Amino acid sequence: MKIIRLLYFILSAIGGFYLFNYLKGSFGVGFFEEWWGIIAGGILASILFGIEYSFQKTSAKVSLVSLLGLLLGLAASNFIYHISESFFVKDLAFLVLWHWGLLMSGGYLGLILGIKTGNEWLPLNFLSKNEKEPLSSKILDTSVIIDGRIADLCETGFLEGAFIIPHFILNELQHIADSSDSMKRARGRRGLDVLNRIQKMAGLDIRIVEDDFPSIKEVDDKIVALAKRMNYKVITNDLNLNKVAEFQGVKVLNINELSNALKPVVLPGEVMKVFILKEGKESGQGIAYLDDGTMIVVDDARRWIGKNVEVVVTSVLQTTAGRMIFTRLKEDQEREELRVAR
């Protein structure tokens, strides 16, 4: 692409040289010097390169509406020129400059109007590749990508449909991966690694979409806006995004809720063997964990830190942070039952 742009820049400068040479010969005006033509050609090529760069960050729909706005602006400018042409003195050099000025201003205004209205022009929604797809299509937000469990879930085959990765999510991950903070940098790189892992999985439909909302600043708000427009679900583990999305009628799949739902069910009176890892907050308590991360609080188990013990479940508490299991040592429970029996 760089070679193509360089060649176009050179051809544009050469074209400007010959155009101004023709104008100078036709009108005999000293303003149309050949070196001005070279400069004008170079400036025109640079403007076109800038327009191309700005369109790389917009969706195909916005680009098409912008092009339509440009064409309408040029047509309107040409119409105004033909109406106003008869009112001016027949100075060909002035008319050329007048026509050129109208085309530049009309084209610019039409282009800007197209860019600003492209996202809101509903009649062109059918042009979007992902328009109103079934609810099986799901957006992966930044938090769930960095979390990494989504990759393991995808490998199981339980999730179906297309996985949507908006380009603004990729930009946010790249920004985090380039952060000066080592912790943020590690999280960003982990997220990019998870995406690469998912993309290599056979049978998964991974789509990177260019749809963006320049007027919306926050990434979470962009996710909700895209999900509402395209009828997508959102996969996340961000509690705030979950609440905002559900409030606006967007279907949310929360990885943390799924994880809690799949944790093994334990009932009061059940016996289990655990490893006492550390001391609890209350006096004499010991803390253990199941393989899935569920915290187990064991009464009077401080003296057993670093050892495996058998415990009896007394109660289970479900919180927003997860599930907590309260237990007591089996020997203490048996001793209490024996005392009561007497």
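Which strand holds valine 234? That opens the first of these exercises on a predicted model.

**Exercise 1. Place valine 234 and describe its surroundings.**

Step 1. Locate the residue. Valine 234 sits in strand E4.

Step 2. Classify its exposure. The relative accessible area of valine 234 is 1%. Buried means under 20%, so valine 234 is buried.

Step 3. Take one distance. Asparagine 254 is 20 residues away from valine 234 along the chain. Their C-alpha atoms are separated by 8.3 Å.

**Exercise 2. Lay out the open sheet that contains E4.**

Step 1. Write the strand order. The open sheet has 5 strands, in the order E3-E2-E1-E4-E5. The pairing is parallel.

Step 2. Find the edges. Strand E3 (205-209) and E5 each pair on one side only, which makes them the edge strands.

Step 3. Give the twist. From one strand to the next, it averages 30 degrees.

Step 4. Examine one pair. Strand E1 (residues 138-140) and strand E4 (residues 233-236) are joined in the parallel sense over 3 bridges. Lysine 138 has lysine 233 in E4 as its bridge partner.

**Exercise 3. Characterise helix H9 and the residue that follows it.**

Step 1. Check the span. H9 covers residues 219-230, which is 12 residues. From its first C-alpha to its last it reaches 16 Å, close to the 16 Å expected at 1.5 Å a residue.

Step 2. Assess burial. Of the 12 residues of H9, 9 are buried, so the helix is largely enclosed by the rest of the structure.

Step 3. Name the buried residues. They are Val219, Lys222, Ile223, Val224, Ala225, Leu226, Ala227, Arg229 and Met230.

Step 4. Recall the helix geometry for reading such a list. An α-helix has 3.6 residues a turn, so residues three or four places apart point the same way.

Step 5. Move past the end of the helix. H9 is followed by asparagine 231, which lies in the loop between H9 and E4. The phi of asparagine 231 is positive, about 65 degrees, although this residue is not a glycine. Its relative accessible area is 33%, so asparagine 231 is partly exposed.

**Exercise 4. Trace the bridges through E7, E8 and E9.**

Step 1. Start with E7 and E8. Strand E7 (residues 278-279) pairs with E8 in the antiparallel sense over 2 bridges. Lysine 278 has isoleucine 287 in E8 as its bridge partner.

Step 2. Inspect the turn. E7 and E8 form a hairpin with 6 residues between them. Glycine 284, in that turn, has a positive phi of about 85 degrees.

Step 3. Continue to E9. Strand E8 (residues 286-289) and strand E9 (residues 295-299) run antiparallel and are joined by 4 bridges. Isoleucine 287 has valine 297 in E9 as its bridge partner. For alanine 288, the partner in E9 is isoleucine 296.

Step 4. Inspect the next hairpin. It has 5 residues between E8 and E9, and glycine 293 takes a positive phi near 95 degrees. Glycine 293 is partly exposed, with a relative accessible area of 43%. Arginine 323 is 30 residues away along the chain, and the C-alpha atoms of glycine 293 and arginine 323 are separated by 9.2 Å.

**Exercise 5. Find the backbone feature of the loop after E9.**

Step 1. Choose the residue. Aspartate 300 lies in the loop between E9 and strand E10 (308-319).

Step 2. Read the torsion. The phi of aspartate 300 is positive, about 55 degrees, although the residue is not a glycine.

Step 3. Add the exposure. Aspartate 300 has a relative accessible area of 44% and is partly exposed.

**Exercise 6. Describe the second largest pocket.**

Step 1. State the volume. The second largest pocket has about 330 Å³.

Step 2. Name the residues at the centre. Of its 13 lining residues, Leu153, Ile255, Leu258, Ser259 and Leu262 are the closest to the centre.

Step 3. Assign the lining to elements. Helix H6 (149-156), strand E5 (252-254) and helix H11 (255-261) each give two or more residues. The largest share, 4 residues, comes from H6.

Step 4. Sort by character. The lining divides into 8 nonpolar, 3 polar and 2 charged residues.

Terms used: Residues numbered from 1 in each chain as written. Predicted model: local features only at pLDDT ≥ 70, side-chain atom pairs only at ≥ 80, totals over all residues. Heavy atoms only, no water. Expected span 1.5 Å × (residues − 1). Buried < 20%, exposed > 50% of the residue type's maximum accessible area, 1.4 Å probe, protein only. 1 Å grid on protein atoms, 1.4 Å probe; cavity = no way out; pocket = protein on both sides within 12 Å on 5 of 7 lines; lining within 4 Å. Points joined across faces, edges and corners; volume = space filled by probe spheres on them. Nonpolar A, V, L, I, M, F, W, Y, C, P; charged D, E, K, R; others polar. Pairing = 2+ DSSP bridges. Axes fitted to C-alpha atoms, helices over the stretch in contact; angles between N-to-C directions.
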